[in-house]
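Q: I'm new to this one and would like to know how each label is earned. Can we take it step by step?

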2 protein chains.
Amino acid sequence: MTADLDARLGRWRKRVERELDGCLPPVTREPGRLHSAQRYSVLAPGKRVRPALVYATAETLGVPLERVDGAACAVELIHAYSLVHDDLPAMDDDDLRRGRPTCHRAFDEATAILAGDSLQALAFSVLAHHPHGPEPAVRMQLVATLADASGAAGMAGGQALDLAAEGRNLGLADLELIHALKTGALIRASVRMAALCAPGLDDAGREALERFAGAIGLAFQVQDDILDVEGDESLTGKPVGSDEARGLPTYPALAGLDGARRRVAGLTAEATAALATHGWEGSPLAGLAAWLLGRRH
Amino acid sequence: MTADLDARLGRWRKRVERELDGCLPPVTREPGRLHSAQRYSVLAPGKRVRPALVYATAETLGVPLERVDGAACAVELIHAYSLVHDDLPAMDDDDLRRGRPTCHRAFDEATAILAGDSLQALAFSVLAHHPHGPEPAVRMQLVATLADASGAAGMAGGQALDLAAEGRNLGLADLELIHALKTGALIRASVRMAALCAPGLDDAGREALERFAGAIGLAFQVQDDILDVEGDESLTGKPVGSDEARGLPTYPALAGLDGARRRVAGLTAEATAALATHGWEGSPLAGLAAWLLGRRH
């Protein structure tokens, strides 16, 4: 990672964490336990990949960052709520996330369900209320984009397909569809929301960003699958091979480790080519993508 | 109930059910099980109280109903998701709702969690996309109103307080706060969303509707508590006394049955007086309120 990107990532992370802290209700207000669970889940250490994509797209397009602060915050709130619910006993049944007790272990199941539910509501509240967000017509498109990416045709639908796939034989196309929905939808929404905030962007530019986001959304997840097989537990925060051990479908299991690596390389080339059509090859977005797809954790 | 109101209620119910059916994804599309669970939960027989409040307010204010169809649909989707999650084993642990298996019993817990999550997303998607909804600036206010009413400062917060109250000694003020959030917030949002769609409404009119909605929101829940004690199980769909048996705080338990009845009467008078300040005493909204607060189930 270049020093420049490292500094940017740190700046974006700090920025969104300040925004998140500002929009979450204080623990001193009732119901304090619910607010604590919300804060515990959202403000846990994380890479803030989705907000970074929002900010990187905005910087690439010359959009002032305060215009997309609400979108960056909202997409991270949706991501955070999905982790809380995915960890529940009836779902993935995880006790730890990045070395800390999961929300339902640190609090209780009912609180975790309600924390997730209220974080989802907060995401839309932030899009609607953020003082520096775009004009109403664009805000409406942000709401539409985030809601569609989160629901049955996006993230929640992908999680449903993923659960249904446990222990079953899947083809690569099935697995790519699960990935495209479960993680890809929010990744695409992150780039798309920032692009919606750029009034001067033409249709060809918007389409290039869609192609870029589609490619890195899938590549990001395949890379995650690779790290699950060969990653360093101290960096990824979960035991090596844990997905496969649970009967979860992974890319390397279906295509082999080399096949998975080739797929990431191909998708990376696709993403880079999409950016190059608009002279964005040296942009903050290109730098972020290179880091995301080359990461070791 | 007058024949006129009966006909209106039936019309509003059919109208919102047609809208709901239209916005829910088909079960023939993947993930079919998730879509089935969404439809099972949303299209279950119900009174559609919240959509009726949206439509009654719109008719009272002369707002065309197609302008509020999205809001009527969205508030019912939020209500439906909250029932699915409230019924979960970690929450109220109910096997039956109105005589049918609850969502997690008819499907499974993971599907119920995801059905609720995706119904919440769908509510905001409908507000953003509905073809006959109001202009973007008003739509944004609808999103803000519904998100705030659903989250930690509204419905989800009320449910958290309610769970925390189980088995504890509460005062009447505590109980009224729980009711104001858990059910009151969405009732108030129903009236407020329709009022937001009436461009000609002045501040005094808006304030009168807020007072009205605050009063009936609380009265509706106290009436529910009364019906839990003295209601006819075949009409209410749940065993008499079930709330108190579970250690849930109820109004009659704290104020006595007569005290609860007096509170409903007082709140009804307050609601009626608020409507009268604007000549709305013979309006569809007044008729709906009289029915809601006089109902036996």
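A: Sure. One definition to start: a helix here is a DSSP run of H or I with at least four residues, and helices are numbered from the N terminus. Keep in mind that this is a predicted model.

Q: What makes B:Gly62 worth a look, just after H3(B)?
A: B:Gly62 takes a positive phi of about 75 degrees, right after H3(B) ends. In the other chain, A:Gly62 follows H3(A) and takes a positive phi of about 75 degrees.

Q: How do you know that the length of helix H3 of chain B agrees with what it should span?
A: The expected span is 1.5 Å times one less than the number of residues. For the 13 residues of H3 (residues 49-61) of chain B that gives 18 Å, and the end C-alpha atoms are 18 Å apart, so the two agree. Helix H3 (residues 49-61) of chain A also should span 18 Å, and its end C-alpha atoms are 18 Å apart, which agrees.

Q: Why is H3(A) called largely enclosed?
A: A residue is buried if 20 or more other C-beta atoms lie within 10 Å of its own. In H3(A), 13 of the 13 residues are buried, so the rest of the structure largely encloses it. H3(B) is mostly covered, with 13 of its 13 residues buried.

Q: How do you know that the two copies are related as by a two-fold rotation axis?
A: Chain B can be laid on chain A by a turn of 180 degrees and a shift of 0.0 Å along the axis, with an RMSD of 0.0 Å. The two copies are thus related as by a two-fold axis. B:Pro136 comes closest to that axis among the residues of chain B, with its C-alpha at 2.7 Å.

Q: Why say that the copies meet through the same surface?
A: Because 100% of the interface residues of chain B are also interface residues in chain A. Here 44 residues of chain B are in contact with 44 residues of chain A. H6(B) gives the most to chain B's side, with 14 residues. By class, that side has 26 nonpolar, twelve polar and six charged residues.

Q: Which residues have the most contacts inside the largest nonpolar core?
A: They are A:Leu146 and B:Leu146, in a core of 192 residues. Contact means C-beta atoms within 7 Å. Beyond its neighbours within four places in sequence, A:Leu146 is in contact with residues including A:Ala74, A:Ile78, A:Leu127 and A:Met193.

Notes
Residues numbered from 1 in each chain as written. Chains lettered and ligands numbered in written order. Predicted model: local features only at pLDDT ≥ 70, side-chain atom pairs only at ≥ 80, totals over all residues. Contact = placed C-beta atoms within 7 Å. Helix = DSSP H or I, 4+ residues; strand = E, 2+ residues; numbered from the N terminus. Nonpolar A, V, L, I, M, F, W, Y, C, P; charged D, E, K, R; others polar. Least-squares fit on C-alpha atoms with pLDDT ≥ 70 in both. Buried ≥ 20, exposed ≤ 12 C-beta atoms within 10 Å, placed from the backbone. Core = buried A, V, L, I, M, F, W, Y, C linked by C-beta atoms within 7 Å.
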